[in-house]
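This report describes a single protein model, going from its domains to its cores and then to a few individual residues. The sequence and the structure come first.

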Amino acid sequence: MKIKKALLLSMLAIPLLLTACGGVDRGESITAVGSSALQPLVEAAGEEFSAQHLGKFINVQGGGSGTGLSQVAAGAVDIGNSDVFAEEKEGIDANALVDHRVAVVGITPIVNKDVGVTGITKEELQKIFTGKITNWKEVGGKDLKIIILNRASGSGTRSTFERWALDGQESKQAQEQDSTGMVRQIVGDTPGAISYVAFSYVNDTVKSLKIDGVKPIDANVKTNKWPIWSYEHMYTKGEPTGLTKQFIEFILSDEIQKTIVGQLGYIPSNQMQVERSVDGVVTPI
């Protein structure tokens with residue numbers, strides 16, 4: 001009986017021993033950090049990738065383009081998501097990074113639904129964000145104080161908005177938020193509020209504005225008729241390998257570009273009719 005009992009205990013111990021020695025496959029994962037404008041796409045693609053590749057996981061975090069670029073440059077994460085070229089960020093060695101443009105995103109000003117305005121001129125938009133216009137009645141809206149909400153200074157969305165909507169002017173000091181989702185929520189809940197988000201974040205809780213009569217839609221981005229847009233970059237430190245390479249190739253595949261990219265409000269890069277360099281030069285494709 002003692003011998004049988006000993007054998008039974010030995011057999012029960014084998015699974016525990018295998019676990020302790022790493023015999024159980026715990027899976028493989030990578031981490032992508034940065035742009036909140038790109039975050040919904042990377043999260044959705046990551047979930048689909050994991051569903052098709054069991055045991056492989058994509059961890060996705062926000063934090064803004066500046067965070068994504070600095071983290072990937074430091075080797076702290078596998079992918080740095082950014083709305084801006086690495087060359088545009090001070091302190092980043094762009095030569096050490098490899099750029100993978102996975103999509104294009106349009107950015108639009110959004111307002112609280114009750115401001116009484118559906119469109120403004122570019123000059124008026126600039127005067128609002130620089131503090132020269134302070135009440136919606138000055139642009140044909142209701143008698144409401146204008147409340148500006150900015151993205152944080154490291155945000156690629158903010159950089160794109162200031163460069164292409166404000167012609168390089170900085171927005172006046174105002175409340176800042178790291179999260180695009182929180183920006184949308186605050187604008188929707190605050191009378192007189194205005195901010196800016198990627199097209200993919202616009203829903204029925206806020207209203208996007210036309211500028212000089214031009215609607216913020218994909219068709220106008222593709223021709224640069226709506227100039228407030230940016231590439232969505234996924235940067236790696238050097239050429240990607242292993243799971244990182246596999247995931248980036250997955251996002252760039254025809255299947256994902258046709259489905260997830262378009263469905264979430266992004267524009268596949270290969271649908272653009274123009275190309276824009278880091279210096280801002282726009283050329284037809």
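## Domains

The centres of domain 1 and domain 2, taken over C-alpha atoms, are separated by 25 Å. The contact between the two draws 23 residues from domain 1 and 21 residues from domain 2. Domain 1 is made of two segments, 29-105 + 228-284, and domain 2 covers 106-219. The model is a predicted one.

## Overall figures

The secondary structure amounts to nine helices and 13 strands. Measured out along the principal axes, the C-alpha trace spans about 95 × 40 × 35 Å. Of the 285 residues in the protein, 44% are buried. Among contacts between residues at least 6 apart in sequence, 74% join residues at least 24 apart.

The accessible surface of the protein is about 14,000 Å², and carbon and sulfur atoms account for 51% of that area. There are 28 positive and 33 negative charges, and the mean positions of the two sets lie 6 Å apart.

## Nonpolar cores

The largest nonpolar core has 43 residues, of which Phe129, Trp136, Phe161 and Ile194 touch the most other members. Two or more residues of this core come from each of helix 3 (65-73), strand 4 (97-111), helix 4 (122-129), helix 5 (156-164), strand 8 (193-198) and strand 11 (229-237). Strand 4 contributes the most, with four residues. Domain 1 and domain 2 both give residues to this core, so it lies between them.

Which residues does Ile194 contact, leaving aside its neighbours within four places in sequence? They are Ile110, Val111, Leu125, Ile128, Phe129, Trp136, Ile146, Ile147, Ile148, Leu149, Val187 and Leu209. Apart from the largest core lies another one, of 34 residues, which include Leu38, Leu41, Val183 and Ala193.

## Two glycines

Gly80 belongs to strand 3, residues 79-82. Its relative accessibility is 0%, so Gly80 counts as buried, the cut-off being under 20%. Not counting neighbours within four places in sequence, Gly80 is in contact with Val33, Gly68, Val72, His233, Met234 and Tyr235. Gly80 and Glu124 are 44 residues apart along the chain, and 35 Å separate their C-alpha atoms.

Gly141 sits in the loop between helix 4 and strand 6 (147-151). From C-alpha to C-alpha, Gly141 is 4.4 Å from Gly116, with the two positions 25 residues apart in sequence numbering. Leaving out residues up to four places away in sequence, Gly141 touches Val115, Gly116, Val117 and Trp136. Trp136 is also one of the residues that touch the most other members of the largest core.

## Positive phi at two aspartates

Asp167 is not a glycine, yet its phi is positive, at about 55°. This residue is placed in the loop between helix 5 and strand 7 (175-177). Is Asp167 buried, partly exposed or exposed? Its relative accessibility is 48%, so Asp167 counts as partly exposed, a class that runs from the 20% limit for buried to the 50% limit for exposed.

Asp212 likewise has a positive phi without being a glycine, with a value near 55°. Asp212 is found in the loop between strand 10 (210-211) and helix 7 (218-222).

Notes:
Residues are numbered from 1 along each chain as its sequence is written. This is a predicted model: local features need pLDDT of at least 70, side-chain atom pairs count only at pLDDT 80 or more; totals for chains, interfaces and linings use all residues. Side-chain values use heavy atoms; hydrogens and water are left out. Buried means under 20% relative accessible area, exposed over 50%, partly exposed in between (1.4 Å probe, protein chains only). Contact means heavy atoms within 4.5 Å. Accessible areas come from the Shrake-Rupley method with a 1.4 Å probe; for residues, only the protein chains shown count as cover. Lys and Arg count as positive and Asp and Glu as negative; His and the chain ends are not counted. The place of a charge is taken as NZ of Lys, CZ of Arg, CG of Asp or CD of Glu. A nonpolar core is a set of buried Ala, Val, Leu, Ile, Met, Phe, Trp, Tyr and Cys residues joined through side-chain atoms within 4.5 Å. Domain bounds come from an automatic or database domain assignment.
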